[in-house]
Every structure is written in C-alpha cells, then in structure tokens.
Amino acid sequence: MNALYDIIGIPFGYLMKLINYVFDNYAVSIIVFTIVTKLIMLPINYKTQKSAARMQLLTPKLEKLRKSYANNPQRLQQEQQKLYIEEGVNPMGSCLPAFIQMFLLFGVLDVVYKPITHILDFTKDVRRAAVEIAGARIGDLRCELEVMKDLSVNYDKYTSLAGDFARKVTEFSENFTIFGANLGKTPDFTPDTWNKENFVLFMIPILAGVAQLLSSVYSQIHQKKVNPNMQNGGCMTFMMYFMPLMSVWFAFQVPAGVGFYWIWSALLSFVITFLLNQYFTPERTAAINEKEKEKARIYAEKHPEKKSFMQRMMEQQELLEQQNNQVRKNSNGDKMSRNEMNKVNRELIKEARKRMAEKYGEIYDDNDED
C-alpha cells in the first residue's frame with residue numbers, strides 16, 4: 001500500500017512543491033493544491049455526473065419494467081439490459097471514474113502526509129535517519145509529521161543530519177501553520193490548556209465533519225428532488241450523519257494538516273457537485289442523452305464486429321440460458337442431483353466464456369477459473 005502512495009504521490013509532490021514555492025505558506029498551499037487537484041479531476045467528476053444523470057432519465061422506464069416483471073427476475077434482468085443497450089447507457093459507467101478519483105486520492109494524501117519528501121527534497125537515507133531519531137515507525141504514512149513534531153522540542157538531536165536538515169525543517173515548520181496553529185500537531189479533544197493554538201486545532205476536525213455533513217445533506221436533498229418517489233430509509237439517514245461523525249473522529253487521530261485538507265476537499269467537492277447538478281438540468285440531460293444514443297448507433301453501424309459491454313453481457317447470459325435449458329436431465333433421463341447440476345453449470349460457464357473469448361479475439365485460459 002505504501003508503494004502505491006509513493007508512486008502516485010510523485011507527480012502531485014512536484015505540483016505541491018511548485019505551489020509552496022510560490023506562496024511560501026503550507027496552509028495556503030494546501031488550499032491552492034486542493035483547488036488545482038479538483039480542477040484536474042473535474043473531467044472525471046463530469047463523466048460521473050453525466051452517467052448518473054442519464055441513468056436518472058431511465059428511472060421511470062426501469063420502474064415500469066420492475067412492475068411488469070416483478071415475478072420473473074430473469075426476464076426483468078434481460079429487459080433491463082435491452083433497455084440499457086437501446087439507450088446507449090452503461091449502468092457501470094460511473095464506477096471507473098469513481099475508481100480513478102479514489103486512485104488519485106492516494107497521491108493527494110501522500111503529499112499532505114509527507115511534506116519533508118515532497119517539499120524539502122531530502123534523500124531517503126536522511127529521512128530514514130530522522131524517522132529513527134523521532135522514534136517513529138519507518139513506513140508509517142505519518143512518520144514525517146512525527147519527525148516535525150519531535151524536532152520542534154528536540155532540535156539538538158537532529159543537528160548531525162546531512163543537508164542542514166534541522167534548520168531547513170524548522171524554517172519550513174514556521175510556515176506550516178494556520179492562525180498560529182502548527183498543522184503537524186494532532187488535535188486534542190481535551191487539551192491541557194485552551195490556548196489559541198489548541199482551539200484552532202480542535203476546530204479543524206469539527207469543521208471537517210461539518211463540511212462533509214453539508215455535502216451529504218445536499219446530496220440527499222438533490223436525490224429527493226430528482227426522484228420524489230425515493231424512500232429515505234433509516235440506513236441512509238444513519239449513514240448521512242454517521243460518516244461526518246467518523247470524519248470528526250478520524251481527524252482527531254491524524255495531524256491537523258490532514259483534517260485541514262479534508263475541510264477544503266469536502267467544500268470544493270460540494271461546490272463542484274452543486275454546479276454540475278445545476279448544469280445537468282432535465283432538458284440538457286435529455287439532449288445529451290439523445291446525442292450519446294446517436295453516437296452509439298453510428299459507432300455500432302461502423303463497427304458491427306465490436307460489441308458494447310452490455311451487449312457482451314447479454315449475449316453471454318443468453319448463451320448460458322440456452323445451454324441450461326438443454327441440460328436439465330442426465331443421460332438416464334433422471335433428475336440431476338445438486339452436485340451434478342453444479343458441475344454441469346461450471347462446465348457451461350467455462351464453455352460460454354471460451355466461446356465469448358474466441359468470438360472477440362481474446363485469449364482464454366482454463367487456469368483462470370481456478
């Protein structure tokens with residue numbers, strides 16, 4: 001997992017270093033960095049929102065199918081897949097953008113957690129030696145923030161490190177503040193003294209929770225608006241309040257710089273979601289939907305040999321159904337046992353996958369089923 005943070009964090013680290021060079025204040029740099037990264041991920045957010053809006057258009061048709069085939073789940077699934085193909089909609093279309101966004105988040109967090117690596121450019125050996133002096137665990141995502149915290153009270157222990165480590169980190173730490181509070185410190189729910197710094201640190205997790213609650217409440221209100229028949233179950237209401245509370249709890253466990261990032265990330269996510277929801281009006285979404293359907297139709301005519309994800313799924317399902325209908329009894333004409341049916345079904349699935357792979361020029365290996 002740490003390797004994933006490191007790899008994705010490198011390009012974001014260069015970005016953060018450039019921003020910090022311009023503003024020379026880490027708190028301001030976090031705000032600007034969050035804005036820039038949100039803009040970078042805006043096309044992904046746009047595609048996710050567009051996919052969700054197009055799926056919303058299908059809600060009345062999907063509800064009609066559910067009522068028509070309430071007693072026939074298999075037929076319902078087939079009709080739903082036909083509808084997706086006719087409309088040129090992939091119900092999984094929002095999954096990949098969401099995955100990419102989560103993937104990029106690893107890099108963003110790596111930059112926030114590791115300012116010594118990404119901003120100050122010390123060698124790996126120097127950073128490792130500093131972590132050992134601080135008594136932190138090497139490989140821990142928060143180890144560099146622990147070094148900065150320890151150096152502020154034990155300066156002399158770090159003076160022997162190469163590259164004038166102690167002085168440079170101290171100078172950097174002076175700009176690692178917001179309203180006099182060091183963002184490398186972990187907020188305390190019950191500090192020994194309620195001075196200005198401790199109050200600011202205490203408010204960061206609270207504001208992180210409030211920002212996420214704002215986003216959650218707005219999302220639920222919007223969903224209710226576009227889908228009046230949606231039922232707000234107890235589970236959804238519970239999650240709406242539980243997740244912000246969890247954000248508050250987590251923000252009290254990590255350095256304030258991380259909570260500070262969460263505040264701005266949640267606020268900017270709310271703004272982007274609000275603006276996209278305003279953009280994807282029913283009229284505009286309907287126009288976009290027609291354009292996408294026409295684009296899918298033209299592509300299918302030009303490339304009849306290429307099938308969409310939903311078409312391939314439907315063909316595979318129909319093939320399995322045909323074979324299952326043919327094999328209901330064993331060679332003696334007796335009803336199969338459960339084990340016999342399971343064995344036959346496994347073979348049918350393998351055969352169907354093999355045929356689909358051959359049809360689309362892909363390589364199929366029986367060992368993949370193990």
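## A guided tour of the model

Of the protein's 370 residues, 38% count as buried. Keep in mind as you look around that this is a predicted model. With the whole chain in cartoon view, you will find 16 helices and 2 strands. Switch to a surface and you are looking at about 22,100 Å² of exposed area, of which carbon and sulfur atoms supply 58%. As for how the chain folds back on itself, residues 24 or more positions apart account for 69% of the contacts with a separation of 6 or more.

**Stop 1: a patch on the outside**

Stay with the surface and select Leu 18, Tyr 21, Val 22, Phe 23 and Val 28. Together they make a nonpolar patch with about 550 Å² of accessible area. Helix α1 (residues 2–23) gives the patch its largest share, 4 residues. Now click on Val 28, which belongs to helix α2 (residues 26–40). Is Val 28 buried, partly exposed or exposed? Its relative accessibility is 35%, so Val 28 counts as partly exposed.

**Stop 2: into the cores**

Hide the surface and show side chains. The largest nonpolar core has 48 residues, and Tyr 158, Phe 165 and Leu 183 are the ones that touch the most other members. To see where this core draws from, colour the elements that give it two or more residues: α1, α2, α6 (95–113), α8 (124–134), α9 (143–151), α10 (165–174), α11 (196–226) and α13 (256–279).

Centre the view on Phe 165 next. Setting aside its neighbours within four places in sequence, Phe 165 is in contact with Ile 116, Phe 122, Val 126, Ala 130, Val 147, Leu 151 and Tyr 158. Before leaving, select Met 55, Leu 58, Leu 65 and Leu 83, which are among the 8 residues of a second, separate core.

**Stop 3: aromatic pairs**

How many aromatic pairs does the model hold? The count comes to 16. Start with Tyr 26 and Phe 172: their ring centres are 5.5 Å apart and their planes stand at 75°, so this pair is edge-to-face. It joins distant parts of the chain, with Tyr 26 in helix α2 and Phe 172 in helix α10, 146 residues apart. Both Tyr 26 and Phe 172 are buried.

Then move to Phe 189 and Phe 202. Here the ring centres are 5.7 Å apart with the planes at 55°, so the pair is tilted. Phe 189 sits in the loop between β2 (181–182) and α11, while Phe 202 is in helix α11, so the pair ties together parts 13 residues apart in sequence. Try colouring these two by accessibility: Phe 189 counts as exposed at 53% relative accessibility, whereas Phe 202 counts as buried at 16%. Add Trp 194 and Phe 252 to your selection, and you have a cluster in which ring pairs link Phe 189, Trp 194, Phe 202 and Phe 252.

**Stop 4: Ile 204**

For the last stop, stay on helix α11 and pick Ile 204. With a relative accessible area of 5%, Ile 204 is buried. What does Ile 204 touch, not counting residues up to four places away in sequence? Show Leu 183, Ala 256, Gly 259, Phe 260 and Ile 263, and you have its contacts. Finally, draw a C-alpha to C-alpha distance from Ile 204 to Val 258: the two are 9.4 Å apart in space and 54 residues apart in sequence.

How values were computed:
Residues are numbered from 1 along each chain as its sequence is written. This is a predicted model: local features need pLDDT of at least 70, side-chain atom pairs count only at pLDDT 80 or more; totals for chains, interfaces and linings use all residues. Side-chain values use heavy atoms; hydrogens and water are left out. Patches are made of residues with over 30% relative accessible area and no salt bridge: like charges are joined within 9 Å, nonpolar side chains (Val, Leu, Ile, Met, Phe, Trp, Tyr) within 5 Å. Accessible areas come from the Shrake-Rupley method with a 1.4 Å probe; for residues, only the protein chains shown count as cover. A salt bridge is a side-chain nitrogen of Lys or Arg within 4 Å of a carboxyl oxygen of Asp or Glu. Buried means under 20% relative accessible area, exposed over 50%, partly exposed in between (1.4 Å probe, protein chains only). Contact means heavy atoms within 4.5 Å. A nonpolar core is a set of buried Ala, Val, Leu, Ile, Met, Phe, Trp, Tyr and Cys residues joined through side-chain atoms within 4.5 Å. Rings of Phe, Tyr and Trp (its six-membered ring) pair if their centres lie within 6.5 Å; planes under 30 degrees apart count as stacked, over 60 as edge-to-face and the rest as tilted.
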